[in-house]
Amino acid sequence: MSHPLTRVLALLELLQTHPGLTGPQLADRLGTDVRTVRRYAAHLRELGIPVESDRGRYGGYRLARGYRMPPLVLTNDEALAVVLGLLAGERLGMSGTAGAGAGALAKIERVLPQTVREPLAAMRDALSFTAGTVTAQLPATGVLLTLAQASRSRHGVALRYRSWRQEHSERVLDPYGVVFHDARWYVIGHDHLRGALRTFRIDRIASVAPRDATFTLPAGFDPVAHLTATLAQAPYRWQVEVLVDGPLGELARRLPNGTATLTPRPDGVLMRARADRLDGMARLLASLEWPFTVHSPDELRQSLRDLARQLTAAADRPPEFPSHRCGAL
């Protein structure tokens, strides 16, 4: 790193990744002295990059707050992490708006050097997922970010909400946390209108505005645990109880979060769940590798028989051969 230009660029990367380093610390990392660090900082300012410096014991160098760096300086590992995050977010339905991930990925690829861009493009084209892309209920980006900021700063919000019955209401909420679950975004908090803890789907929030009033998060509150427990207790058509002859830990890992409650018993694990359709529950049970016994409802037994007939018919179906045969060789 003997060339001055290389050191200036190295200083720029340090300012991006480690803001607040002092002159001696920067000099040590760049292999130079403090006076040269000041000269490199001046070079960056001449290029239009606002480098700020504070004197004193706790002073240091940093880029001006809010400044957006035109060149994107990423290591190979950092670029790979960003690309994989964007691809995974799109696959899971976590992208804030349609096309946002693709647009961000295109911008990143345009500013990366060729030596990094080509391997990442190969990764993007070669990467496959075992599950299909999730079609998510996407909330408005501004609503999502406002709720996240209010949750972190412990400020209440005023929001306009549309229920599943298409009823509109205005609420004041203390947002305890934001959770992404099963392709949907939720906010959990204290609803002042009802005077109780409530869960709201964020894609149903028409608008949200921060309030000056602050709140205190209840000690030990876990938004994820509360959401999964709430969804497990939601009203469904069928109440299902099945005794599974399998290990509790493995069964819990195989079932999606919030699908069922599991209770260990001497003769197995009692799985309690709710379902709108029993054919889906039959397919879920058939995907497990352990024997099970249906306790209720009796209609689930018929759904399992129907599924068994479908599988048997598929297994017995002979292969179809083309109607014409190739001529003898």
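How many helices and strands does the protein chain have?

**Figure 1. Overview of the predicted model.** The structure shown is a predicted model. The protein chain has 11 helices and 11 strands. It consists of 329 residues, of which 32% count as buried. The accessible surface of the protein chain comes to about 20800 Å², and carbon and sulfur atoms account for 53% of that surface. When contacts between residues at least 6 apart in sequence are considered, 59% of them join residues at least 24 apart. A search of the whole structure finds 10 salt bridges; R171–D191, D298–R301 and D306–R309 are among the pairs in salt bridges and appear in the views below.

**Figure 2. Salt bridge between R171 and D191.** R171 and D191 form a salt bridge in which the closest N and O atoms are 2.5 Å apart. R171 belongs to strand β4 (residues 168-181) and D191 to strand β5 (residues 184-191), so the pair ties together parts that are 20 residues apart in sequence. R171 counts as buried because its relative accessibility is 12%, under the 20% limit. D191 also counts as buried, with a relative accessibility of 0%.

**Figure 3. Salt bridge between D306 and R309 in helix α11.** The side chains of D306 and R309 meet in a salt bridge, with an N to O distance of 2.3 Å. Both residues lie in helix α11 (residues 299-316). They are three residues apart, which is about one turn of the helix. D306 has a relative accessibility of 29% and therefore counts as partly exposed.

**Figure 4. Salt bridge between D298 and R301.** D298 forms a salt bridge with R301, and the closest N and O atoms of the pair are 3.6 Å apart. Is D298 buried or exposed? D298 counts as exposed because its relative accessibility is 56%, over the 50% limit. R301, at 33% relative accessibility, counts as partly exposed.

**Figure 5. Surroundings of R204.** R204 is placed in the loop between β6 (196-201) and β7 (205-214). With a relative accessible area of 17%, R204 is buried. Which residues does R204 touch, not counting residues up to four places away in sequence? On that basis, R204 touches R160, Y161, R162, S163 and W164. The C-alpha atoms of R204 and L138 are separated by 9.5 Å, and these two residues are 66 residues apart along the chain.

**Figure 6. T146 in helix α7.** T146 is found in helix α7, which covers residues 141-153. Its relative accessibility is 19%, under the 20% limit, so T146 counts as buried. Leaving aside neighbours within four places in sequence, T146 is in contact with V208 and P210.

**Figure 7. Positive surface patch.** Which residues form the positive surface patch? The patch is formed by R35, R38, R39 and R55. R38 has its place in helix α3 (residues 34-46). At 45% relative accessibility, R38 counts as partly exposed.

How values were computed: Residues are numbered from 1 along each chain as its sequence is written. This is a predicted model: local features need pLDDT of at least 70, side-chain atom pairs count only at pLDDT 80 or more; totals for chains, interfaces and linings use all residues. Side-chain values use heavy atoms; hydrogens and water are left out. Patches are made of residues with over 30% relative accessible area and no salt bridge: like charges are joined within 9 Å, nonpolar side chains (Val, Leu, Ile, Met, Phe, Trp, Tyr) within 5 Å. Accessible areas come from the Shrake-Rupley method with a 1.4 Å probe; for residues, only the protein chains shown count as cover. A salt bridge is a side-chain nitrogen of Lys or Arg within 4 Å of a carboxyl oxygen of Asp or Glu. Lys and Arg count as positive and Asp and Glu as negative; His and the chain ends are not counted. The place of a charge is taken as NZ of Lys, CZ of Arg, CG of Asp or CD of Glu. Helices (H or I, at least four residues) and strands (E, at least two) are DSSP runs, numbered from the N terminus. Buried means under 20% relative accessible area, exposed over 50%, partly exposed in between (1.4 Å probe, protein chains only). Contact means heavy atoms within 4.5 Å.
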